[in-house]
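Work through the exercises below with the sequence and the model open. Each task is followed by a solution in steps.

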Amino acid sequence: MANQTHKPLPPQSAVPDDEMLARARTFHADMAERRTIREFDTAPVPQEVIAACVAAAGTAPSGANQQPWHFVAVRDPALKKQIRAAAEEEERKFYAGGAGEEWLEALAPIGTDADKPHLEDAPWLIVVFAQRYGVDAEGKRHKHYYVPESVGIATGMLLTALHLSGLATLTHTPNPMGFLRDLLERPDSEKATMIIAVGHPAQGATVPEFAKQKKPLDDILTVR
């Protein structure tokens with residue numbers, strides 16, 4: 001490729017098929033224990049852990065390597081309280097009929113409502129922003145490509161890193177989310193896509209039985 005510098009892959013030993021399978025099954029077993037919770041312990045989590053997990057997310061592949069994401073980690077109690085108040089305002093509209101009957105029926109087995117105490121209880125909130133376009137040092141805009149796909153991959157890697165670090169999470173997507181850009185003072189080029197509550201489960205925390213039901217492999221894999 002013209003005007004491009006390429007570097008060789010770092011040296012790595014070939015992994016035998018049986019070890020590959022063992023690694024894949026171990027990872028599956030680890031991830032099968034991941035659960036979305038709504039009851040968090042208020043015990044603090046070191047900032048270094050959150051930073052390391054975000055760094056892992058930042059290694060995700062992205063369209064044209066533009067890395068169109070930004071993560072805002074919030075631990076300030078006053079700011080979390082503001083986020084909760086704004087999110088619950090949108091959630092009340094959602095549950096009052098804005099979502100539509102079909103959507104609310106789909107949520108019924110999980111037992112959610114407009115009250116979101118986890119937004120204050122969890123020691124960290126990580127707000128994921130998608131960068132719709134970039135701005136260079138001279139203030140010129142440039143388009144970002146495959147933004148939803150790229151941010152989705154990075155967010156999945158973040159959730160995985162948090163879980164493997166021993167933390168529990170809850171993904172929350174109030175709609176609309178414009179208030180997050182205002183509260184967190186992010187530029188117009190960014191759009192909030194998700195709030196991830198992060199921490200340890202509260203003692204006695206439960207998970208709806210419905211949430212443990214995952215589709216079998218035959219339903220999600222076709223081999224041709």
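Two strands count as paired if DSSP finds at least two bridges between them. Helices (H or I, at least four residues) and strands (E, at least two) are DSSP runs, numbered from the N terminus. By this rule strands S2 and S6 are paired: eight bridges join them, and they run antiparallel.

The model is predicted, so local features need pLDDT of at least 70 and side-chain atom pairs count only at pLDDT 80 or more, while totals for chains, interfaces and linings use all residues. Residues are numbered from 1 along each chain as its sequence is written, and side-chain values use heavy atoms, with hydrogens and water left out.

**Exercise 1. The chain as a whole**

Task: State how many helices and strands the chain has, and in which order they come.

Solution.
- Step 1. Count the elements: there are eight helices and six strands.
- Step 2. Read them from the N terminus: α-α-β-α-α-α-β-β-β-α-β-α-β-α.
- Step 3. Add the extent: along the principal axes, the C-alpha atoms fill a box of roughly 55 × 50 × 40 Å.
- Step 4. Take contact to mean heavy atoms within 4.5 Å. Of the contacts between residues at least 6 apart in sequence, 81% join residues at least 24 apart.
- Step 5. Classify residues as buried (under 20% relative accessible area), exposed (over 50%) or partly exposed (in between), using a 1.4 Å probe and protein chains only. Of the 224 residues in the chain, 33% are buried.

**Exercise 2. The sheet**

Task: Give the strand order of the open sheet and find which strands stand at its edges.

Solution.
- Step 1. The open sheet has four strands in the order S1-S2-S6-S5, with antiparallel pairing.
- Step 2. The edge strands are S1 (69–74) and S5 (168–172); each has a single partner strand, so one side of each has no neighbour in the sheet.
- Step 3. From one strand to the next, the twist averages 25 degrees.
- Step 4. Go through the pairs. S1 is joined to S2 (residues 124–131) by six bridges. Trp-69 has Ala-130 as its bridge partner in S2, and His-70 stands opposite Phe-129.
- Step 5. In the pairing of S2 with S6, Trp-124 stands opposite Val-198.
- Step 6. Five bridges link S5 to S6, and there His-172 faces Ile-195.

**Exercise 3. Cover on the strands**

Task: Determine how many residues of S2 and of S5 are buried.

Solution.
- Step 1. In a regular strand, side chains alternate between the two faces of the sheet.
- Step 2. Apply this to S2. One side carries Trp-124, Ile-126, Val-128 and Ala-130, the other Leu-125, Val-127, Phe-129 and Gln-131, and all of these are buried.
- Step 3. The count for S2 is therefore eight of its eight residues.
- Step 4. For S5, four of its five residues are buried.
- Step 5. Look at helix H3 (residues 77–98), which lies across S1, S2, S5 and S6 (190–199). The helix runs at about 115 degrees to S1; axes are lines fitted to C-alpha atoms, for helices over the stretch in contact, and angles run from 0 to 180 degrees between N-to-C directions.

**Exercise 4. Two residues of helix H6**

Task: Decide whether His-163 and Gly-156 are buried, partly exposed or exposed.

Solution.
- Step 1. Place them: His-163 is in helix H6 (residues 147–164), and so is Gly-156.
- Step 2. His-163 is buried because its relative accessibility is 16%. Leaving out residues up to four places away in sequence, His-163 touches Asp-30, Met-31, Glu-33 and Arg-34.
- Step 3. Gly-156, with a relative accessible area of 31%, is partly exposed. Its C-alpha lies 7.9 Å from that of Ala-57, although 99 residues separate the two in sequence.

**Exercise 5. Backbone details in loops**

Task: Which residues does the cis peptide bond join, and where do Ala-64 and Gln-67 lie?

Solution.
- Step 1. The cis bond joins Asn-175 and Pro-176, with omega about 0 degrees. Pro-176 sits in the loop between S5 and helix H7 (178–183).
- Step 2. Ala-64 lies in the loop between helix H2 (47–57) and S1, and Gln-67 also lies between H2 and S1.
- Step 3. Phi is positive at Ala-64, near 55 degrees, and at Gln-67, near 50 degrees; neither residue is glycine.
- Step 4. Ala-64 is exposed at 63% relative accessibility, whereas Gln-67 is partly exposed at 33%.
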